[in-house]
Amino acid sequence: MTAPTIIPGAPGGTRTTGGARATLRRNFWRGVGRVLRRKPSRMLGVIILAVFAVMGAFGPLFYPAQLPRDNNALYAAPSLIHPFGTDFEGTDVLALVITGARYVLLTGLITAVIAIVLGTGVGLFAGFRRGRWDSLLMRITDMNLAIPGLPLLLVLSTVWKFTSAFEMGLVLGLLGWGGVARSVRAQTLSLRERGFIEAARGLGLSTKHIIGRELLPSMAPFIAMNMLIAVTGAVYAQVGLFFLGVLPFEANNWGVMLNLAVFGGGALTTTAALPYLLAPLLAILLLTLGIVLVVDAMDEIFNPRLREE
Amino acid sequence: MKRLAVVAVLLALTSATACGGGGGSAADREGLYTTIDALKPGLDANAPINPYNPKGNAFLGYNAQWLGWTKNDLTDSDQFYPGVAESWKIAPHQSSITINLRPNGKWSDGAPITAEDVKFSIGLAYTQGGTAYALDPSAAGTASDIKIVNEHTIKITQSAKNPSNSFVQGVMQTFIVPEHVWAGALPADFWAKLKLAQSTAPGADAARAEITSLADKVIAFAPPKDVSAGPFTLARMNPGEALLVKNKNFYNAANVAPDKVKILNYTGNEQIWNYLISGQLDNAPFTALPADVMERIVQTSGNGVVQGYSPVGNALAFNQSKKPYDNVHVRRALAYLIDRKQVTKVASPEGGVAALTTSGMHQKAAEAWLGARFAALNPYRVDPAQAAKELEAAGMRKIDGKWTMPDGTPWKLTINVPASFSDWVAGAKAVTSQLNDAGIDAQVVTTADYPLYLQEIAAGKYDIGFWLVALGPSPYNIFQRLYGASNGWQLFGGRLKHVAPGKEGNWMGGPETIEVKGVGKVDPGELAVKLNSAPEAEQKKIIGILAEAANQDLPVIQMWDYVNTQFVNTTRFTGFPPNNSDTLRLTSGVWIQLGLIKRKQA
């Protein structure tokens, strides 16, 4: 049996006093702590994401602008100095993974923000308004869903170099909001028939208020989980594009590392370049694992039924 | 009981099939030669058996034949091994070539190979254009008259208006196909139209357009069956491999060792590496590969490496219409900063040797043409102090350890390379790392694929890009890479003109004349064109001037010279060409038809 946790800003929570809010907040974080402690793997997920966040924010600061190279240690085997060996130029592979995290994570974050903001906006509005707006927005959503993402990106890459994480994230985000819009619309259609929304309508509250203060907070956990999952999707998509070699060269980009390890170093043929291949793969795997574990924890935090088990 | 017997028979059949599957039994492999075709990555099972079709299932040296096979020579591009032609006689100044066919030569269907077949094949070649078969009457090195002397002799005369040293090579590299199979590919009045097209008479333009319009028809032509003059004919195609069987009517069939040839499909180098590691290939032509993979390949029983001269070099080419690369001091500074040995070690450790200097030529060809003069060229050894002097001479400024433009604005040096060339990508990265160390903000930008790269570089979109140079052995072709159309010199109707940078494919944007120390002002484009028709002694003189011009002016900085590194496996066959053989740039099919390859005796 878990202590009842009230979602901040959830129905009923919007009209509490300042002291009650603070109590609610304290209870919420206690609940979070309890959920994380119950399964150590969830704590591991948080630690992994924290490490990646530090890598993204401060990783490049740990190294000089030009990473050192050792001309006599091309594709060197793993050692204490080079835990994942070196690349074709004799550069430490771990340093490449760490300094390359920023672009990958930033792209993932931008993609997720754009996809979530657009998807949530469209889904909420369509689901709440219904009628013609719903039909129009859902047809646009269908079109978005029908766009073959990878082929389009391959074509776009011939005219657009995607040199910044923002450009890459923008395109991936614009391509990836359709699924979120559909899910949010379905949730909205379900919630709008609930009593507290009926009551808000009966009180004559504005549409803006109902969507912003009543519906959105109820869906915040769902949206947050979708956002984390969108980050993994974005990481796969951009790494895939870099792996295919259609995007600009950055030696520390994880996708470029995979490409050069396979096609330049023969990592799938011999073992010399294998650590160079495995390091970015491991980074992607860990990032995905961290996100999955955190989503698992969020699921329990925000789902009362799971919490009571 | 009956059911049990059926099950037993089925089991026996299954196990027999399993034993015979996979790579094929020893008996199946007996006499089977396995290779890949460097010209055909990605086999297309539905493509026609047509040598003019880029995806066609006509494999050079196997079931597709030229008149002769060019020997790999440092300076002479007019030496050949016999192909469909048994012998040939070249008139002085390449004014004509007389081809003699074998009196008993036969197609694989038993029909005789005649001079009519050669004439018909030349007709097909005219639809595709090319050096010896240009429709423009004033084009350099074009055939003006084709005369059948007798059933097995044909004489091809070069137009006297604008003769070229590449005429003979153009003729010898003509695909020969059987007229009785291909008859429908050319209209009945073709030769009359060709005569009109090669004249200046009224209607010539229309005739030229009509012949050119036949190109697509010829490329799409699909012979109902493979009738070949080569040592093999195509027996079966599937997306994984092409199977060719021995042509019993081939003139040298008695010395063709393999009964069958299997050409395996591949889409990337890694596939070739894996074929080699598993010992499947009897030969693989040049394939870029890292040192560790090379080590692994030679560990396979029977595998060996054969190396030879490859008239191809790799260079960093400048767009001189972009600042600061218009300044020779900047280009020289970069040459002094780049450690070419280190770049080659990173980029092409097994398939290249660092360029000794920039001369426009492969170092072996340069030594052969220039002798001691080659050693006198500036080698541009790594010298950061000299590089700094050159940059200062160009007015560049060093602020906070970073070189900037003369006005103090940032200098971002960008090298473009196609993403699919892993050795170029690694080489470009090595160059930028060295330049960054020296305080030049340098980066690599990749382009999705090679055709797009060529399109963008020609459009002048890049400041600096990797560029193939030294494409010999013809000196004319070698220097066209530096002082040809991509640097503004256009040859139209026998007249040379220099177009402005950024126009008509002039992306290198170099000046029309260059001051060469000890020579004076020269027009390198004009000199390069003269190489096409000059006698050997004059060629030597011109090459000397052009090499000095390239060395001093540096339109490119040569990075590495390619080495023709091939793989052979002596488990099943022997007799492969040795290192530096003049057959090394020819296909296995040619080695086989010349009788070089022998079955290994048990």
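The exercises below concern chain B of a predicted model and its contact with chain A.

Because the model is predicted, local features need pLDDT of at least 70 and side-chain atom pairs count only at pLDDT 80 or more, while totals for chains, interfaces and linings use all residues. Residues are numbered from 1 along each chain as its sequence is written, and chains are lettered from A and ligands numbered from 1 in the order in which they are written.

**Exercise 1.** State the strand order of the open sheet of four strands in chain B, and explain why one side of strand 4 and of strand 6 is left without a neighbour.

*Solution.*
Step 1. The order is 4-5-7-6, with antiparallel pairing. Strands (E, at least two residues) and helices (H or I, at least four) are DSSP runs, numbered from the N terminus; two strands pair if DSSP finds at least two bridges between them.
Step 2. Strand 4 (85–90) and strand 6 (143–150) of chain B stand at the edges with a single partner strand each, so one side of each has no neighbour in the sheet.
Step 3. From one strand to the next, the twist averages 20°. Axes are lines fitted to C-alpha atoms, for helices over the stretch in contact, and angles run from 0 to 180 degrees between N-to-C directions.
Step 4. Six bridges link strand 6 of chain B to strand 7 (residues 153–158) of chain B in the antiparallel sense; Asn150(B) has Thr153(B) as its bridge partner.

**Exercise 2.** Identify the strands of chain B that pair with strand 12 (residues 303–318) over 12 bridges and over six bridges.

*Solution.*
Step 1. Strand 23 (residues 556–569) of chain B pairs with strand 12 of chain B over 12 bridges, in the antiparallel sense. Here Leu316(B) stands opposite Ile557(B).
Step 2. Strand 18 (residues 464–469) of chain B is joined to strand 12 of chain B by six bridges, and the two run antiparallel. In strand 18, Trp467(B) is the bridge partner of Ala315(B).

**Exercise 3.** Describe the side of chain B that touches chain A.

*Solution.*
Step 1. The contact involves 27 residues of chain B and 25 residues of chain A, where contact requires that the C-beta atoms of two residues, placed from the backbone, lie within 7 Å.
Step 2. Among the elements that each supply at least two residues of this side are helix 9 (269–277) and strand 17 (441–447) of chain B.
Step 3. Helix 16 of chain B gives the largest share, eight residues.
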